[in-house]
Amino acid sequence: MEALTNLQNHFLIAMPGMDDPFFHRSVTYICEHNAEGAMGLIINQPVELNVANLLEQLEIVVPEQSLMFDKQVFAGGPLARDRGFVLHSPEEEWRSSARLSDDVMITTSKDILEAMGRGDAPEKFLLTLGYAGWEAGQLEQELADNSWLTIPADPEILFNTPITERWQKATETLGFHAWQLGPGAGHA
């Protein structure tokens, strides 16, 4: 049996032929990957909500407007869409935080949102609602079916690249442009 390649702290880049509208041209940050399955957050599918609107819906007092509050909230995936996940630069640890790499942490507890309301947000962050999940062997099969390209996660793409350019920039790290990808791929 082939050894499992751990894709934690990698991006999944959807191939152009991906039919699922939720994942079409998506870039997904893999937070966890092991023999039991995988969990990730889509980082380039914004929803009609910004951070200030979300905090207000959660009855978290929002101080006077700052650029942070205009940041977009993302659809992290089709599962548990009422649950929030914050990918952020490593800083103070909140109640439910895990370090995913030297550059990225994930927090799922409300205390990080309360800190944002006080103006104490992490230097760099991305807030999602929902997540993408794969059962044991499912992601590996999708990779074998050429549904995804994979690359090590790049904090520059994750936190600093404009939303509409993330899929293209992630593809370009492989040495070619997104337009060069056909709708399907094969094995040599």
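**Helix 2 and the nonpolar cores**

In helix 2 (helices being DSSP runs of H or I with at least four residues, numbered from the N terminus), D111, I112, L113, A115, M116 and G117 are buried, where buried means under 20% relative accessible area with a 1.4 Å probe, protein chains only. The helix spans residues 110–117 and is mostly covered, with six of its eight residues buried. The cover over these buried residues includes helix 1 (51–57), strand 6 (79–88), strand 8 (105–107) and strand 9 (125–135); strands are DSSP runs of E with at least two residues. After helix 2 comes G119, which has a positive phi near 90°.

The model is predicted: local features need pLDDT of at least 70, side-chain atom pairs count only at pLDDT 80 or more, and totals for chains, interfaces and linings use all residues. Residues are numbered from 1 along each chain as its sequence is written, and side-chain values use heavy atoms, with hydrogens and water left out.

The protein contains five helices and 10 strands, and 46% of its 188 residues are buried. Of the contacts (heavy atoms within 4.5 Å) between residues at least 6 apart in sequence, 65% join residues at least 24 apart.

The largest nonpolar core (a set of buried Ala, Val, Leu, Ile, Met, Phe, Trp, Tyr and Cys residues joined through side-chain atoms within 4.5 Å) has 24 residues, and those with the most contacts inside it are F11, Y29, C31, I43, L87, I106 and L158. Elements giving two or more residues to this core include strand 1 (10–14), strand 2 (27–34), helix 4 (155–160) and helix 5 (166–172). Another core, of 19 residues, lies apart from it, with A52, L55, A115 and L127 among its members.

Terms used
Buried < 20%, exposed > 50% of the residue type's maximum accessible area, 1.4 Å probe, protein only.
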